[in-house]
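Please examine how the copies of the chain are arranged with respect to one another. The discussion below turns to their contacts and then to their symmetry.

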Number of protein chains: 4
Amino acid sequence: MLNQGRLRVSVVGGSGYAGGELLRILLGHPRVQVQQVTSNRQAGQPVTLSHPNLRGLTSLTFVRAEEIGDCDLLFLALPNGESMQSMEMWMTRAERVIDLGADFRLRSAEEWTAWYGTEHAAPHLLPHFTYGVPEISADQIRNARHVAGPGCEAIVSILCLYPLVRRGILKPDPIIIDAKMGSSQAGHAPTDASHHPERAGAVRSYKPTGHRHAAEIQQVFRNVGLPSSVCISATAVEMVRGVLVTIHGFAHQDLTEQELWRAFRSEYSGKPFVRIVKQTQGLYRYPEPKILQGTNYCEIGFEKERRSDRVVIIGAIDNLVKGTSGNGVQCMNLMCGFPETMGLEFPGLHPV
Amino acid sequence: MLNQGRLRVSVVGGSGYAGGELLRILLGHPRVQVQQVTSNRQAGQPVTLSHPNLRGLTSLTFVRAEEIGDCDLLFLALPNGESMQSMEMWMTRAERVIDLGADFRLRSAEEWTAWYGTEHAAPHLLPHFTYGVPEISADQIRNARHVAGPGCEAIVSILCLYPLVRRGILKPDPIIIDAKMGSSQAGHAPTDASHHPERAGAVRSYKPTGHRHAAEIQQVFRNVGLPSSVCISATAVEMVRGVLVTIHGFAHQDLTEQELWRAFRSEYSGKPFVRIVKQTQGLYRYPEPKILQGTNYCEIGFEKERRSDRVVIIGAIDNLVKGTSGNGVQCMNLMCGFPETMGLEFPGLHPV
Amino acid sequence: MLNQGRLRVSVVGGSGYAGGELLRILLGHPRVQVQQVTSNRQAGQPVTLSHPNLRGLTSLTFVRAEEIGDCDLLFLALPNGESMQSMEMWMTRAERVIDLGADFRLRSAEEWTAWYGTEHAAPHLLPHFTYGVPEISADQIRNARHVAGPGCEAIVSILCLYPLVRRGILKPDPIIIDAKMGSSQAGHAPTDASHHPERAGAVRSYKPTGHRHAAEIQQVFRNVGLPSSVCISATAVEMVRGVLVTIHGFAHQDLTEQELWRAFRSEYSGKPFVRIVKQTQGLYRYPEPKILQGTNYCEIGFEKERRSDRVVIIGAIDNLVKGTSGNGVQCMNLMCGFPETMGLEFPGLHPV
Amino acid sequence: MLNQGRLRVSVVGGSGYAGGELLRILLGHPRVQVQQVTSNRQAGQPVTLSHPNLRGLTSLTFVRAEEIGDCDLLFLALPNGESMQSMEMWMTRAERVIDLGADFRLRSAEEWTAWYGTEHAAPHLLPHFTYGVPEISADQIRNARHVAGPGCEAIVSILCLYPLVRRGILKPDPIIIDAKMGSSQAGHAPTDASHHPERAGAVRSYKPTGHRHAAEIQQVFRNVGLPSSVCISATAVEMVRGVLVTIHGFAHQDLTEQELWRAFRSEYSGKPFVRIVKQTQGLYRYPEPKILQGTNYCEIGFEKERRSDRVVIIGAIDNLVKGTSGNGVQCMNLMCGFPETMGLEFPGLHPV
């Protein structure tokens, strides 16, 4: 059943929500053949039992992780702390590995321990991984064998801040990120917190301080010599998919919105998945996750407070696409020489 | 801590949603003192951990079921099949018992087995229970020691149908009840089906045929000599609280809406919790569970199809109040000689 | 700007929700070039102001209806009663016309008047239109110049009922359709009823009797010699997109679910957009509009009541795709000799 | 129909959402008689047409504003900029006036102009009004004849910040308020932004900078000699009622959470409507507007970032109760010598 011209891709951890979106995108990708999909819990079941939107589109069944054979590229979509247990083994299965989880995002094992509270199981492999933000590291990703996909709050915040911080427009400290999160971000396992009568209509602070994704953002800025102190407060709101970040920062000097415009445009010109949103009319004048569901876009907007040096940057993504799976496929496209947008063309729905 | 003039009431099974609403109502009831509340799972914890809306209003902690002492009236709010295991014992604890569960709703153990698929554990006690619909059995309830609270789809359907069927306006067969249900109806334990990303925005058929509450409705009509064949199809929709039933029936003869009006008004005149809703303008022209949240009202509306003998009756309640706890307190008020509406005065919110 | 190998398509009434979905699909269709889009209200504005999901994908601006030039195929997405005013003119603009509105669905001007309460403005054109249900009239549509797209409750109900009624499995009378509708169905103009604080969480009966789409369904059955009496009761529920119909009918004779299976499978085998859903496990055992958002699928499920001749058929679609625009494009594909599924491949999202 | 022992209260602007909640509370208040309710648009209609939850509870009909007669206390619930046009006249109608709108919140006409962009129509009356936060100005309110009710974002933010800023725990600058708002806050008139298909599931930045309620908060701090620079960014989220504020500030010195506890407890001890929420378990560990619907509570929580001087304070209210009407009734109770909680005892629902 091998398909000559296609990349053979397997997915480890395919029964979760990120795994499902990855499958949807890969099954529609003209240069990919999905070879195997694992789920230890669901082994032997059709993947459509977990992902009913794929009914009629695939006859794949889940296999156990240990059944994974050789392939061209392997995606890992596992809970935090799992992929590092067996990464050495996964690296023997495929020349290219993209890990969508947290295990290989930080460069230093000490940082891992400080933020995640456990020892890192494979510190020697950390330097092998490239942190995968295609809009700011396309060349490294093109040449990478191993990519770590960013956290969803991290990638949208980095895309919002990077052009301003590295141009010295925004002070690197303090930067406050207020993240509004949809329910799919907490995964597919039911909990007391995800129980519909409790979660429906909730506007629930769940991580006011100490959010781990701050570590990734700070690492990006340290890499360009700009140590910053980033704080994230996260609130769960009533949506299934999506992240909206409202970022509060302070400008270095008297600043016009024109300069903000210029910074974003020069940074992201020609980047297919960044949309600068700054309209003067209409309902969608600022970025909004609602219309990004299913898409790989990151929308970015901004506003400067009058008579103050405060700047507000607003960013929106779909946590399951640009926040994980879609961004992973975008990295795959770069690594494999495919067009960057291939398989990621869905424009999103309105209204929805 | 005994309060002289007040009825000492205890609640068995107080950590669930119906138990929580019962507590909210009883704590505000001027003639009641809540004595004990049980939860085997949460014993030792403050009741406000399960019911955060009661924070600051009560310092009760849950006790285990076996710790229940004597009281004046005992409410049971247990999963189906549990209260019948120990009903004989509960009856020794209090002179009056109101069971909000299903176990004592049907008069016959055979019926129980046919619909619930198990043997009834206490068939000899079935005749001791009065089926508690205050609007049609107030006198029996006043004299009852033991009351079985109806199922939520059942009580709203009975209130919609009873005036028409017993007056011979509606044929007793076929009657089709299409019930739209909120998520709190499935209880407080998280499941795959209640997981927010799956349940949010769902319009999900979950019991197209064979719904058990049909048995209760048919029993009511058999009791007045009108064997009817009632079918219920239930669909879960996006709301936390509430039931809306759309009931499709057929008129015996040429019928005017005027006659429907008359039947409902003569049946329910002076009944404080039934609201006939038949407006010609405004958004709330038909019954609507949205504005009934927290209230003990049952709203009833109706419409006759032109050039056809089809009649549509529409009924709405809050499943946790008129559908369980509030109706139980209404029964308690009748049994104890309190004003029927005492403790149940909350008018509901708009918008909400 | 003309694109040699592509069909030149224009859209009259492109600022509404159906128009927006039509544009989304047509812009991604490999054999179509969108030539002009009209909106009298928004003329001169970019189409992305109305349809923010298309930002970056098109630079089209709305033109006024009278500016429409010649094209190969014209879609009309206008409010009821508008397209018949100028249909004669539209027919001169394009050889093929697909009207997504109600004006040309009924074969008889008398029927129109009976259900819509106005005189039909172009009764002589009614015979020119083919009622567009590709799954039951593919050949007529292939040969048609003018197609009338069905109403959304109508098409899903017809697909659920047609195989059973024409095989004599289901009695044609009484058939009761209980339709649950999302908010996008009422269009893009804000009203008191669509105001979020009133509409959110609503489970609102809005058309218990006299629903116009019943006329279309009855016409389909009359065409095959089976006069039926179909009643629709419609309830607005909390979703933006989607229709779920719960259809209650009665079997002609002792019937097994096996026979229902056979009828549906033989009718819809090879039909790419009908999915028979009858699972014994998983959350999505019955059809569900939630996962169909953005897709052209119609899901159909069914269940027979035990010890009764009642049959429940359940159908789900996205009202803006299979219920209007997507079905229109499917008709276009047939009329123009394109593959039936072209441009309609989006599989839908989960969770969402 | 005058009721001897009761305060005669009239409401100007009674058809909006705040007016409706005011009526619900006043109709249940044992010491109040609602005398007249105005709505120019709905004059002659029963108030239950606008407020369907009050069906069966009142037979009042709306009158025009000019028909308002003498009464003991007058509530004004009008759009911004309206009450100042006729305040002199309203003051002749009742000895006590409570204005729930914005017109008399700021002490200075210049401030009004700076934030609202218009001339103030009655600058000479501004000094007559007391800014009504009962938890910090109970004595002034008791002696006041004229009270201006705070804005909803303002009151919850003030209650969160006041104990910390005036004790010198929190630096008065920068303070960043990220407010999540429900849809009822925008009033009862349908707009493009409130149209359900657009507003449902939205997480929509709508006032990232320049929010007017900042002026009220700064005025409170200036009054105690602590000029502060407060910024508010507001985001609309999917709920009908409620405000959640996440407030980001910086501590003056090394601070423990213990000290935050102490500040809040000493400030609000004995204040019946402030609930400090700081639980270590359960779903409702932080303040949450969901369970406050219909109640007059303000919940306050807090957390200090480890290894940083950032403090996050979280506050929640129902915008229509503690954010407007309920707080107004609380002020009335103080002004009239009634128990502070009278009429405001509803504890809220769970789940909801």
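How many residues does the contact take from chain A and from chain C? In this predicted model, chain A contributes 27 residues to the contact and chain C contributes 27 residues. On the side of chain A that touches chain C, the element giving the most is helix H1 (residues 17–27) of chain A, with three residues. Sorted by class, that side of chain A comprises 13 nonpolar residues, 10 polar residues and four charged residues.

The geometry that relates these two chains may be considered next. Chain A is superposed on chain C by a rotation of 180°, with 0.0 Å of shift along the axis and an RMSD of 0.0 Å. Such a relation is that of a two-fold axis. Within chain A, Phe346(A) has the C-alpha nearest the axis, at 4.0 Å from it. The same surface serves both copies, as 100% of the contact residues of chain A recur in chain C.

The pair formed by chains B and C can be described in a similar manner. A turn of 180° and a shift of 0.0 Å along the axis lay chain B on chain C, with an RMSD of 0.0 Å. Which residue of chain B comes closest to the rotation axis? That residue is Glu238(B), whose C-alpha is at 2.8 Å. Of the interface residues of chain B, 100% are also interface residues in chain C, and therefore the copies meet through the same surface.

Key:
Residues numbered from 1 in each chain as written. Chains lettered and ligands numbered in written order. Predicted model: local features only at pLDDT ≥ 70, side-chain atom pairs only at ≥ 80, totals over all residues. Least-squares fit on C-alpha atoms with pLDDT ≥ 70 in both. Contact = placed C-beta atoms within 7 Å. Helix = DSSP H or I, 4+ residues; strand = E, 2+ residues; numbered from the N terminus. Nonpolar A, V, L, I, M, F, W, Y, C, P; charged D, E, K, R; others polar.
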